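Subject: Structure handover and notes

Dear colleague,

I am passing on the structure we talked about, together with my notes on what I found when going through it. Please open it alongside this message and read the two together.

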Amino acid sequence: MQLLGEVAELKRLVVALRDEIARLKGLKGRPSIKPSGMEKGTEPKPADKRAKRRGRGKVTPRIVPAIEVLRVAPPAGSQFKGHEPYLVQDLVLRARVVRYRRERWLTPSGETIMAPLPSGVRGHFGPELRRFVLMQHYQGQVTVERLVTLLAGIGVSISKRQIVRLLIDEQDDFLVETREVLRAGLRTAAWITVDDTGARHRRANGVCTQIGNDDFAWFATTASKSRLNFLDLLRAGHTDYVINDAALAYMHEHALAGPVIRRLAAHPVRRFADQTAWQRHLDQLGISAQQVMPDPVRIASEGALWGAVTAHGFLREAVVVSDDAGQFDIGQHALCWVHAERLVHKLEAFTAPNRAAQQLVRSLIWWFYADLKAYRAEPTPRRRSELRARFDRIFRRRTGFATLDRLLQRLHANKPELLMVLDRPEIPLHTNGSENDIRCQVTKRQVSGGTHSDIGRDCRDAFLGLAKTCRKLGIAFWDYLGARLGVPQAPAVPYLPDLIRCRGQPA
């Protein structure tokens, strides 16, 4: 699986280099292939076209408006007819500097007592300024340099270094909360969708992985996109390795040698605190010295990580929905239909019969996808069996277009993952949620580049994930920051993991 991933990455690199060579030579590049639009194209159309058009709607601000009475000088003899309401929203943005005179007292014992600073004040900057900086940088995607210019224009004297400190220093409470968000999400989720994208850290290429569903979003930037890395992320901050039934089943499923499995299962020690203790255990059992394929150390480590995931109560019955990247194929796994159809959409057909065959198959897939969406709304055993039979007819057909036929055969081999929705109608048919979530990381990479310190990387991932989670829970990120930073009169915001656990409980 790792070799297949490397081959795919090399193919993408070759295509990119060819495009660059064509650009330098003044030649036309590859044709731009638009998204298939299958998800929107299979939505039911409204019966009345006029019902689709909606007005702007009534403006309802989140804050209680102040009341001001505007008066007019009427002509003599006029009759007063009350007031005509007119709502205006405005923003007050100005610098406020306070010089606190802190009382100092000397006690009879010689101890000096000083009046404490107000709640939320950290260093020489108040909580409102900290909230504004965090909001603008992480949700508004404003760079540090532009924040310095913006604040200086308002009247705040602050340097680039000070803004960086406001963004990354002493953010342990936020880092803990985002870790607990992941743990609560993994314990209560019936399904999760996952995705990844490129990231830069310490001037090196890495990968940012997204995990989430309708209740939460979580990001982590690492140097690897292997299955070991993904399983490590699913431990949600725990460092242990566990040999249990789930771990042993994983090792059997991935063709680890029987004697190795029996050696691990027979040992009295089943839990290891960290990677060092686990590696020492493999060395003592002689597993590390084996030079065979598949690599027994890798398979055993993946199994022990999966055992730790289940031991902590994560992903017990949850389905992992992915775009068919190999590292995400763990546990109960389902595939994204949009990515599957995109493979057919991207095929290059050079003859009229091949183009006709391609369009026919796409039409059949779109029709089948629309029926899957209808099944999710009203699942029945009869429709389930009918859809399974239709899947075989679509993906076993032979069109005479050799490349398309090989692709259909490959997709048919993924039948259990593509039709997981028939047994679990609550799971989504696509990973659009993950792609929408991870877009903020892509924008951040394009606007600000990479990160230089580990704490900067962790804070970026944490705050972007918290902002997305707040949006899914119906909480304004501005209010969330105000509640956590101790802004006076800010509305109280519950602990996000508690909200996720409440939403994840069955009704």
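To begin with a point of orientation, in which helix does Arg-165 lie? Please bear in mind throughout that this is a predicted model. Arg-165 belongs to helix α6, which covers residues 160-168, and with a relative accessible area of 43% it is partly exposed. Although their positions lie 291 residues apart along the chain, the C-alpha atoms of Arg-165 and Gly-456 are separated by 9.7 Å.

Phe-174, in helix α7 (residues 172-188), has a relative accessibility of 5% and therefore counts as buried, the limit being under 20%. Apart from its neighbours within four places in sequence, Phe-174 is in contact with Phe-463, Leu-466, Tyr-480, Leu-481, Arg-484 and Leu-485. By contrast, the C-alpha atoms of Phe-174 and Leu-106, which are 68 residues apart along the chain, are separated by 37 Å.

The nonpolar cores

Tyr-480 appears again when one turns to the largest nonpolar core, which has 85 residues and in which Ile-211 and Tyr-480 are those with the most contacts. The largest share of this core comes from helix α12, which supplies seven residues. For Ile-211, once its neighbours within four places in sequence are left aside, the contacts include Leu-182, Leu-186, Ile-192, Val-194, Phe-216, Trp-218, Phe-230 and Leu-234. There is also a second, separate core of 37 residues, and among its members are Ile-394, Phe-401, Met-420 and Leu-429. As background, nonpolar side chains in soluble globular proteins tend to be buried together.

Helix α12 and its two ends

Helix α12 deserves a closer look. It runs over residues 296-311, and its 16 residues reach 22 Å from the first C-alpha to the last, which is close to the 22 Å expected at 1.5 Å a residue. Why can α12 be called largely enclosed by the rest of the structure? The reason is that 14 of its 16 residues are buried.

Ahead of the helix, in the loop between α11 (275-284) and α12, is Pro-294, and the peptide bond that joins Met-293 to Pro-294 is cis, with omega at about -5°. Asp-295 then caps the N-terminal end of α12, with a side-chain oxygen placed 3.2 Å from the backbone nitrogen of Val-297.

At the other end, α12 is followed by Gly-313, which has a positive phi near 80°. Leu-315, in the loop between α12 and β8 (319-322), has a positive phi as well, near 55°, in this case in a residue other than glycine. At 4% relative accessibility, Leu-315 counts as buried.

Two further loop residues

Arg-203 is another residue that is not a glycine and yet has a positive phi, here of about 60°. It is placed in the loop between β3 and β4 (204-212). Is Arg-203 buried or exposed? With a relative accessible area of 65%, Arg-203 is exposed.

Gln-327 is located in the loop between β8 and β9 (332-335), and at 11% relative accessibility it counts as buried. Its side chain makes a polar contact of 2.8 Å with the side chain of Asp-196. Leaving aside the neighbours within four places in sequence, Gln-327 is in contact with Asp-196, Lys-225, Ser-226, Arg-227 and Phe-230; Phe-230 is also one of the residues in contact with Ile-211.

The cavity

Rolling a probe the size of a water molecule over the atoms shows where empty space is left. How many cavities of 30 Å³ or more does the count come to? The count comes to one, and the largest cavity holds about 40 Å³ of space. Among the residues that line it are Thr-197, Gly-198, Ala-199, Arg-200, Cys-208, Gln-441, Val-442, Arg-445 and Arg-460. Strand β3 (191-201) and helix α19 (432-448) each supply at least two residues of this lining, and β3 gives the most, with four residues.

With best regards

Technical notes:
Residues are numbered from 1 along each chain as its sequence is written. This is a predicted model: local features need pLDDT of at least 70, side-chain atom pairs count only at pLDDT 80 or more; totals for chains, interfaces and linings use all residues. Side-chain values use heavy atoms; hydrogens and water are left out. The expected span of a helix is 1.5 Å times one less than its number of residues. Buried means under 20% relative accessible area, exposed over 50%, partly exposed in between (1.4 Å probe, protein chains only). A polar contact is a pair of N or O atoms within 3.5 Å; within protein, one must be able to donate a hydrogen and the other to accept it, and residues adjacent in sequence count only if both atoms are side-chain atoms. A nonpolar core is a set of buried Ala, Val, Leu, Ile, Met, Phe, Trp, Tyr and Cys residues joined through side-chain atoms within 4.5 Å. Contact means heavy atoms within 4.5 Å. On a 1 Å grid over the protein atoms alone, a cavity is a set of points where a 1.4 Å probe fits but cannot get out, and a pocket is an open set with protein on both sides within 12 Å along at least five of seven lines; lining residues have an atom within 4 Å of a point. Grid points are joined across faces, edges and corners, and a volume is the space filled by probe spheres set on the points.
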